[in-house]
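Reader: Could you walk me through how to read the strands and helices in a model like this one?

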Amino acid sequence: MRDAARVAEVIVSGDDEANRAMVSGVECRLCGGPACARVPMGSTASLVAPDYVPVVYRCPTCRSQFLYPPAPPGWLERFFSASVPRTDAQRAQLEDPRSRARYRSLGAARARWLAGRVRGGRVLDIGCGPGYLLAAFREMGWQTLGIDPNPLFVEFAGRELSVEVLPGSWQGVGKLVADGSVDLLTILHLLHMVEDPQAFLRSAIRKLRPGGFLFVELGNEVDNWRRTLWGTARRLRGRGETPLHYALPKQTYPTSRGLAALVRRAGVRPLYLGGYFPPVLTRTYARPTVAERFVAAREALLSRCGRGSVLVMLGRYRV
Ligand SMILES: [Zn+2]
């Protein structure tokens, strides 16, 4: 019955393209509801594969957006492998003192925020990058384990931060970590890149013990006030729809509602759902400039009404 109501909503909107999409039965990759098509995807998608030209779909229920058809399996690993030739720039950024200080305090602020809300002593970070979050947990006495496909990050984490990061793709977690052995699972800026977030989450979540905690963080593309303004300006100038974030190819663009629906389907009850939490922003910079203070204050304010640049979810598994 609810599905019929959604179909009616789209038909009333008079969007022929959307109506065709509803008939074809494409499901929202976040909440599972029927979704409608918008515009063909441009340059970001071509980074996945030269001949990959998906369409952006929008879900009328949770307002999330996603690409259809999904990217071919394994594209993410191939994409990051292909980025290895850019290692000079990556290495320079890893070793840059200001960048290191910033990421260290960002990791510490996140870990402190989490440690005040979760119970346990074993954390697994999937797609952990250089391992700053894990290093902060280790300093608080937690057992830590990370996994990342980028060999630069794996080497850096061991050499500079003394945390164990296993080299490998995210699919490899299944064999490396025992089911039900983790108290806190963290997935930062990865869930919206995988081609099937539901399948990814279902397999990753098995590592959590019942009552364990899941922490997800990702870029807010849909409810981001700057993108909304940008998109409106483009429409007024007759240049079409809001362009989505082009820095890295992503497969889904969740709203907070879509993210909540996604984790609920995997058995997680959200406890906190919103934007960046203010402590992270105010403690990110050791010596913030006036401009950085302004950005932090503005972001903290916008996050309270879900319009910031980042979405954060902390939830509990099977309770
Ligand atoms: Zn949806």
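**Reading the region around H8 and S5**

Author: Sure. Keep in mind that this is a predicted model. Let's start with what packs over a helix: the cover on the buried residues of H8 includes helix H5 (87-95), S5 and S6.

Reader: Which residues of H8 are buried?

Author: Look for side chains with many neighbours; the cut-off for buried is 20 or more other C-beta atoms within 10 Å. In H8, that picks out Phe153, Val154, Phe156 and Ala157.

Reader: And how many of the six residues of strand S5 are buried?

Author: Five of the six, so S5 (residues 143-148) is largely enclosed by the rest of the structure.

Reader: In which sense do S4 and S5 pair, and over how many bridges?

Author: For pairing, check the strand direction and then the bridges. Strand S4 (residues 122-126) pairs with S5 in the parallel sense, over five bridges. One to find on screen is Arg122, whose bridge partner in S5 is Gln143.

Reader: What joins S5 to strand S6?

Author: Three bridges, and S5 and S6 (residues 165-167) run parallel. There, Gly146 is opposite Val165 of S6.

Reader: Where does the chain cross from S5 to S6?

Author: Trace the path from strand to helix to strand. From S5 the chain goes through helix H8 (residues 151-160) to S6, a right-handed β-α-β crossover. A right-handed β-α-β unit is also made by S4, helix H7 (residues 132-139) and S5.

Reader: What phi does Ser162 take, just after H8?

Author: A positive one, about 55°.

Note on methods
Residues are numbered from 1 along each chain as its sequence is written. This is a predicted model: local features need pLDDT of at least 70, side-chain atom pairs count only at pLDDT 80 or more; totals for chains, interfaces and linings use all residues. A residue is buried if 20 or more other C-beta atoms lie within 10 Å of its own, exposed if 12 or fewer, and partly exposed in between; C-beta atoms are placed from the backbone. Helices (H or I, at least four residues) and strands (E, at least two) are DSSP runs, numbered from the N terminus. Two strands pair if DSSP finds at least two bridges between them. A crossover is right-handed if, with the strands pointing away from the viewer, the path from the first strand over the helix to the second runs clockwise. Two residues are in contact if their C-beta atoms, placed from the backbone, lie within 7 Å.
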